[in-house]
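Student: Could you take me through one part of this structure up close? I'd like to hear how a single strand fits in with what surrounds it.

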Amino acid sequence: MIHTKICGIQCTEDALVASEAGADFIGLVFVPERRRRLEGPAAAQILSELRTLVPQPPRAVGLFADQPLEDVVEIISDCNLDMVQLCGQESPDYCRQVTGRTGAEVIKVVHIPASETVETVRGGGGMQARIAPYLESECRVTLDRLVEGLQGGTGQSFDWQVAAELSRQGYQFLLAGGLTPDNVAQAVAQVKPWGVDVSTGVETDGQKDEDKIRAFIRNARASGKQ
């Protein structure tokens with residue numbers, strides 16, 4: 001079954017919609033200067049309310065990027081996060097320290113440059129070498145588009161053939177970047193990822209859209225069953 005993550009949650013209402021629609025994960029952003037960033041107390045309140053109202057809520061994922069380990073550990077504890085998604089240049093050792101100190105599972109974002117092609121992946125190019133250390137450190141991996149100066153949330157896709165070839169080689173990952181309710185079924189059918197991750201693609205005018213969230217999860221799941 002395909003797993004779904006709705007990222008950039010900013011209020012309890014959005015968290016409840018994602019939960020009711022069947023999301024497996026919700027993402028809350030703690031990266032400084034990001035549009036969807038939450039302060040710790042606000043995030044803690046959202047998760048407390050969600051967990052009070054929903055017996056089995058989605059797993060809560062905190063997003064960080066190149067932040068001091070102590071800050072990350074503190075936020076994980078204060079907000080009672082289930083997982084973290086590291087979007088910067090964090091090393092496998094950093095990932096292991098996060099899990100070792102908090103018990104939170106780590107999702108590591110690996111950015112795909114435009115120069116990466118299906119031919120380079122078939123030739124055993126750099127992508128496998130970049131992904132393997134994180135998998136060996138028991139992290140999950142998200143594949144996202146590389147955009148200089150940004151660490152995710154770009155709403156831009158990359159060549160899905162690259163991801164599809166990695167999937168054929170046995171790599172498991174979440175697919176992110178440019179996904180929408182209209183193209184997620186095609187992405188799942190073509191790439192066969194472990195999961196899909198969306199934020200911008202389920203927004204209207206910069207705000208989460210209930211209909212788009214429900215359609216995204218419905219379409220992803222329908223394609224994943226084929």
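Tutor: Sure, let's take strand 2, which pairs with strand 3 in the parallel sense over five bridges. Keep in mind that this is a predicted model. Within that pairing, Val29 stands opposite Leu63 of strand 3. Strand 2, helix 2 and strand 3 together make a right-handed β-α-β unit.

Now look at strand 1 (residues 3-6): it runs parallel to strand 2, and two bridges join them. Here Lys5 has Phe25 as its bridge partner in strand 2. There's a right-handed β-α-β unit here too, made of strand 1, helix 1 (residues 12-21) and strand 2.

What about the side chains? Phe25, Gly27 and Val29 point one way from strand 2, while Ile26 and Leu28 point the other way, and all are buried. Since five of the five residues of strand 2 are buried, the strand is largely enclosed by the rest of the structure.

Next, the rings. A search of the whole structure turns up two aromatic pairs. One of them is Phe25 with Trp194, a tilted pair with 6.0 Å centre to centre and 40 degrees between the planes. This pair links distant parts of the chain, 169 residues apart: Phe25 is in strand 2, and Trp194 is in the loop between helix 8 (184-191) and strand 8 (195-198). Both Phe25 and Trp194 are buried. Trp194 has another neighbour to check out: Arg140 lies over its face, at 3.8 Å from the ring centre.

Terms used:
Residues are numbered from 1 along each chain as its sequence is written. This is a predicted model: local features need pLDDT of at least 70, side-chain atom pairs count only at pLDDT 80 or more; totals for chains, interfaces and linings use all residues. Side-chain values use heavy atoms; hydrogens and water are left out. Rings of Phe, Tyr and Trp (its six-membered ring) pair if their centres lie within 6.5 Å; planes under 30 degrees apart count as stacked, over 60 as edge-to-face and the rest as tilted. Helices (H or I, at least four residues) and strands (E, at least two) are DSSP runs, numbered from the N terminus. Buried means under 20% relative accessible area, exposed over 50%, partly exposed in between (1.4 Å probe, protein chains only). A charge sits over a ring if NZ of Lys or CZ of Arg is within 6 Å of the ring centre and within 35 degrees of the ring normal. Two strands pair if DSSP finds at least two bridges between them. A crossover is right-handed if, with the strands pointing away from the viewer, the path from the first strand over the helix to the second runs clockwise.
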